[in-house]
Amino acid sequence: MRFSRYPEYRDSGIEWLGKVPAHWEVRSFKHIVSTPITDGPHETPIFTDEGIPFVSAEAVSSGKIDFNKIRGFISETAHVRYSQKYRPQIGDIYMVKSGATTGITAIVESDADFNIWSPLAAIRCSDLAVPKFVLNFMRSKNFQEAVTLNWSFGTQQNIGMGVIENLAVPLPPVAEQAEIASILGNQAAKIDALVAEQQKLITLLKEKRQTVISHAVTKGIDPTVPMKDSGVEWLGQVPSHWEVVRNKTVLFEVDERHDEADGTLMTVSHLTGVTPRSEKNVNMIMAETLEGYKRARTGDLVINTMWAWMGALGTTPCDGLFSPS
């Protein structure tokens, strides 16, 4: 969707924000909130099997709170105590202020009781600001750049509430804020629907790919060839001229050990695709010990035999070291 240009723009005076429409104001967060920016308790609560949902960073994504990803439940007593500092209400905006997802935001859209943990900063807008307009601004490329420019590093990246409250917000008149928020809401719903359709298509294509591969490597590519029982229940019939042998007759386990920290440490992330490629390679200098690690050569078949990704396999993209598990 293309938006019409305003007749006149002015420099906001802030490099990461750039120019804004001439009739818009630019204020800091601390001047558009009804209460000071705060966060949840700085203690680890006692979790219970049921009770009040306790929300932390993992439940904040895509502008909404995912209550299927809450940290756990806390007691009513703990909820009352934590609420003395902050109690959620509809329209509050949360921003992750520490950890790998720093800068991610969501808005409260339910009046159900819940509470939040300290990684979340809670922002409650005054009458000067429409919460969903502010939420969309905080999800903009400009604001995310500001977060990146202003966060600090300790054991992890983080941005303080004092820093957040001094970041700038472009502020149209309230009626215009509401109109912009409404348009963006409609456009986002259309985009989300398209994304959902594409994800369904991707799932179907992955299933089709697996079916094609499975058929080719167990039934062959000639539909007219005679078949025979493989003698293996999960394998079923195979072409009559194929042999069925155990892996140990065609494969051998690599036993070349290596004791120098000079290669790529290959982990299950290289096989699953869950971890982004940029984060997969682990510097060997970080490994406490190389005991048990073996040398893999380009093209070797590697299979994971432990934990949740048991059975994940692939060929090694380069020479490196891998765990025997």
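## A buried aspartate and its salt bridge

At a relative accessible area of 1%, D39 counts as buried, where buried means under 20% relative accessible area, exposed over 50% and partly exposed in between, computed with a 1.4 Å probe and protein chains only. The model is a predicted one, in which local features need pLDDT of at least 70 and side-chain atom pairs count only at pLDDT 80 or more, whereas totals for chains, interfaces and linings use all residues. Residues are numbered from 1 along each chain as its sequence is written, and side-chain values use heavy atoms, with hydrogens and water left out.

The side chain of D39 meets that of K85 in a salt bridge, with an N to O distance of 2.6 Å; the term stands for a side-chain nitrogen of Lys or Arg within 4 Å of a carboxyl oxygen of Asp or Glu. Because K85 lies in the loop between α1 (76-83) and β9 while D39 lies in strand β4, the pair ties together parts that are 46 residues apart in sequence. K85, with a relative accessibility of 43%, is partly exposed. D39 and K85 also belong, together with K97, to a network of salt bridges.

## Further salt bridges

Under the rule given above, the count of salt bridges comes to eight. One of them joins the side chains of R87 and D113 at 3.3 Å, N to O; R87 is placed in the loop between α1 and β9 and D113 in the loop between β10 and β11 (115-116), so this pair links parts that are 26 residues apart in sequence. R87 is partly exposed at 39% relative accessibility, and D113 is partly exposed at 38%.

Another salt bridge is formed by E109 and K132, whose closest N and O atoms are 3.1 Å apart. Since E109 lies in the loop between β10 and β11 and K132 in helix α2, the pair ties together parts that are 23 residues apart in sequence. Here E109 is partly exposed at 45% relative accessibility, and K132 is partly exposed at 41%.

## The six-stranded sheet

The protein has seven helices and 23 strands, which are DSSP runs numbered from the N terminus, helices being H or I over at least four residues and strands E over at least two. Six of the strands form an open sheet with mixed pairing, in the order β4-β12-β9-β10-β7-β6, where two strands pair if DSSP finds at least two bridges between them. Its edge strands, β4 (38-39) and β6 (60-61), each pair on one side only.

At the β6 edge, β6 pairs with strand β7 (residues 63-65) in the antiparallel sense over two bridges, and S61 stands opposite K64 in β7. Helix α2 (residues 131-138) lies across β7, β9 (93-96), β10 (105-107) and β12 (120-123), and it runs at about 165° to β10; such angles run from 0 to 180 degrees between N-to-C directions, with axes fitted as lines to C-alpha atoms, for helices over the stretch in contact.

## A three-stranded sheet and α1

A second arrangement is an open sheet of three strands, ordered β8-β5-β11 and mixed in its pairing, in which the edge strands β8 (72-74) and β11 each pair on one side only. Strand β5 (residues 52-55) pairs with β11 in the parallel sense over two bridges, and the bridge partner of F54 in β11 is N115. Helix α1 lies across β5, β8 and β11, running at about 80° to β8.

## The loop residue A59

A59 lies in the loop between β5 and β6 and is buried, with a relative accessible area of 0%. Apart from its neighbours within four places in sequence, A59 is in contact (heavy atoms within 4.5 Å) with K64, I65, D66, K69 and I70. The C-alpha atoms of A59 and A106 are separated by 9.0 Å, although these residues are 47 residues apart along the chain.

## Surface and overall figures

About 20,800 Å² of the protein is exposed, with carbon and sulfur atoms supplying 54% of that area, as given by the Shrake-Rupley method with a 1.4 Å probe, only the protein chains shown counting as cover for residues. Of the 325 residues, 35% are buried. Among contacts with a separation of 6 or more, 62% come from residues 24 or more positions apart.

On the surface, V245, V250, L251 and L301 form a nonpolar patch with about 380 Å² of accessible area together. Patches are made of residues with over 30% relative accessible area and no salt bridge, with like charges joined within 9 Å and nonpolar side chains (Val, Leu, Ile, Met, Phe, Trp, Tyr) within 5 Å. L301 is located in strand β21 (residues 301-303) and is exposed, with a relative accessible area of 54%.
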